[in-house]
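Reader: I would appreciate a close look at a single part of this model, set in the context of the whole chain. Please pick the part yourself, and give me the cut-offs as you go.

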Amino acid sequence: MTTTNTVKVQLVRSPIGCKESHRATVRGLGLRKINSVSELQDTPAVRGMINKISYLIKVI
């Protein structure tokens, strides 16, 4: 049995008025509307995306 580490992120602020690349990162994490939650694999790439838009999301 293998345990895959996941991380849950929730969009808490609107990406309206943010940089286009930050909006694309929000979409890349699978987040659409405010309070939407996405469960992702805990990889360095995902960690970097979370870091980039940390002011828009909350890790739960």
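Author: Happy to. Let me start with the whole: a compact globule of 60 residues would have a radius of gyration near 10 Å, and the 11 Å of this protein agrees with that (taken over C-alpha atoms; the rule is 2.2 Å times the number of residues to the power 0.38). Please keep in mind that this is a predicted model, where local features need pLDDT of at least 70 and side-chain atom pairs count only at pLDDT 80 or more, while totals for chains, interfaces and linings use all residues. Residues are numbered from 1 along each chain as its sequence is written, and side-chain values use heavy atoms, with hydrogens and water left out.

The C-alpha trace spans about 45 × 20 × 15 Å along its principal axes. There are 2 helices and 3 strands, arranged along the sequence as β-α-β-α-β (DSSP runs numbered from the N terminus: H or I of at least four residues for helices, E of at least two for strands). Of the 60 residues, 32% are buried (under 20% relative accessible area; exposed is over 50% and partly exposed in between, with a 1.4 Å probe and protein chains only). Among contacts with a separation of 6 or more, 71% join residues 24 or more positions apart (a contact is heavy atoms within 4.5 Å).

The part I would pick is β1, residues 6-11. In the open sheet of 3 strands, the order is β2-β1-β3 and the pairing is antiparallel (two strands pair if DSSP finds at least two bridges between them). The edge strands, β2 (37-41) and β3 (57-59), each pair on one side only. On average, neighbouring strands are turned by 30° against each other, direction ignored (axes are lines fitted to C-alpha atoms, for helices over the stretch in contact, and angles between N-to-C directions run from 0 to 180 degrees).

Toward β2, β1 makes 5 bridges in the antiparallel sense. Two of the pairs are easy to find: T6 has Q41 of β2 as its bridge partner, and V7 stands opposite L40. Toward β3, the antiparallel pairing rests on 3 bridges, with Q10 standing opposite K58.

Just ahead of the strand, in the segment before β1, sits N5. N5 has a relative accessible area of 54%, which makes it exposed. Not counting residues up to four places away in sequence, N5 touches L40, Q41 and D42. K58 is 53 residues away from N5 along the chain, and their C-alpha atoms are separated by 17 Å.

Q10, within β1, deserves a closer look. Its relative accessibility is 13%, so Q10 counts as buried. Beyond the residues up to four places away, Q10 touches N35, S36, V37, L56, I57, K58 and I60. With N35 there is also a polar contact between the two side chains, at 3.4 Å (a pair of N or O atoms within 3.5 Å; within protein, one must be able to donate a hydrogen and the other to accept it, and residues adjacent in sequence count only if both atoms are side-chain atoms). N35 belongs to the loop between α1 (20-28) and β2. N35 is partly exposed, because its relative accessible area is 49%, and its phi is near 70°, a positive value in a residue other than glycine.

From here we can turn to packing. Helix α2 lies across β1, β2 and β3, at about 25° to β1. The largest nonpolar core has 13 residues, and L29, L31, I50, L56 and I57 touch the most other members (such a core is a set of buried Ala, Val, Leu, Ile, Met, Phe, Trp, Tyr and Cys residues joined through side-chain atoms within 4.5 Å). Two or more residues of this core come from each of β1 (6-11) and α2 (44-52), and β1 supplies the largest share, 3 residues. L56, one of those well-connected members, is in contact with Q10, L11, V12, R13, S14, P15, C18 and V26, leaving aside neighbours within four places in sequence.

Finally, a glance at α1, where T25 is found. At 8% relative accessible area, T25 is buried. A polar atom of its side chain lies 2.8 Å from the backbone oxygen of S21. Apart from neighbours within four places, T25 is in contact with M49, K52 and I53.
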